[in-house]
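Here is a short report for a first look. Keep the sequence and the 3D view at hand while reading.

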Amino acid sequence: MTVFAFFESSIQLVPDGTLLVHLLLIVGMVALLNATLLKPINRVLEERELRTKGRLSEAAATLAVVDERMREYEHRLRQARTDGYSLMERERTAISQERDLKVTEVRAEISRWLSQEQDKLKSASADARKTLDAESGATALQISRQILKREIREDRVS
């Protein structure tokens with residue numbers, strides 16, 4: 001028995017009934033750990049992942065809304081610019097037509113004024129010629145009298 005006592009303190013290689021008790025204890029501990037520690041941790045991790053994915057999907061939805069609004073804003077901005085440029089072009093055309101009309105009116109006014117002034121100038125020129133003709137005859141008669149030193153009748157000078 002002394003030999004057996006020596007073996008009792010050493011490792012047994014042959015399984016006995018205690019092995020079954022150890023296995024049951026391990027299974028019970030795993031079940032207890034799973035129920036008390038692992039399931040709540042896994043549930044918290046799943047909730048965190050759902051919240052994270054939910055926040056990410058919410059952020060993606062917000063980004064999609066922002067992108068859509070940005071595209072709409074840019075479209076409206078382009079449309080407003082186009083409308084503004086067309087309005088400016090219409091105003092420029094209207095102003096140009098108005099300016100052309102005024103230039104035409106001023107040219108017609110200048111043409112009428114020029115015609116009137118030319119008529120006045122012709123009339124004044126004709127009056128001046130008549131006056132010069134009359135004065136030249138009188139001056140010629142006076143010069144002739146002075147040069148000839150005698151009296152000359154007006155009906156001879158013509």
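Where is the kink in H2 centred? The kink is centred on Asn34 and amounts to about 45°. Keep in mind that this is a predicted model.

## Overall build

The protein chain has two helices and zero strands. Of its 158 residues, 1% count as buried. The cut-off for buried is under 20% relative accessible area.

The chain exposes about 15000 Å². Carbon and sulfur atoms supply 62% of that area.

## Helix H2

Helix H2 covers residues 17–148. That is 132 residues. From its first C-alpha to its last, H2 reaches 184 Å. This is close to the 196 Å expected at 1.5 Å a residue.

The kink at Asn34 lies within this helix. After H2 comes Lys149. The phi of Lys149 is positive, near 55°.

## A nonpolar patch

Five side chains form a patch on the surface: Leu33, Leu37, Leu38, Ile41 and Leu45. The patch is nonpolar and measures about 420 Å².

Take Leu37, one of its members. Leu37 sits in helix H2. Is Leu37 buried or partly exposed? Its relative accessibility is 42%, so Leu37 counts as partly exposed. Patch residues need over 30% relative accessible area, and Leu37 has 42%.

## Salt bridges

Side chains of opposite charge can pair when their charged atoms come close. In this model the count comes to nine salt bridges. The cut-off is a nitrogen-to-oxygen distance within 4 Å. Three of the bridges are described here, beginning with Lys53 and Glu49. Their closest N and O atoms are 3.1 Å apart. Both residues lie in H2, four residues apart, about one turn of the helix. Glu49 has 44% relative accessibility, so it counts as partly exposed.

Next, Glu68 pairs with Arg71. Here the closest N and O atoms are 2.9 Å apart. The two residues are three apart in H2, again about one turn. Glu68 is partly exposed because its relative accessibility is 43%. Arg71, at 47%, is partly exposed too.

How far apart are the closest N and O atoms of Glu98 and Lys102? They are 3.5 Å apart, and the two residues form a salt bridge. Glu98 and Lys102 are four residues apart in H2, so about one helical turn separates them. Glu98 is partly exposed, with a relative accessible area of 44%.

Definitions and conventions: Residues numbered from 1 in each chain as written. Predicted model: local features only at pLDDT ≥ 70, side-chain atom pairs only at ≥ 80, totals over all residues. Heavy atoms only, no water. Patch = residues over 30% accessible without salt bridge, like charges linked within 9 Å, V, L, I, M, F, W, Y side chains within 5 Å. Areas by Shrake-Rupley, 256 points an atom, 1.4 Å probe, with all protein chains shown as cover. Buried < 20%, exposed > 50% of the residue type's maximum accessible area, 1.4 Å probe, protein only. Expected span 1.5 Å × (residues − 1). Bend = angle between axes of the 7 residues up to and from the residue.
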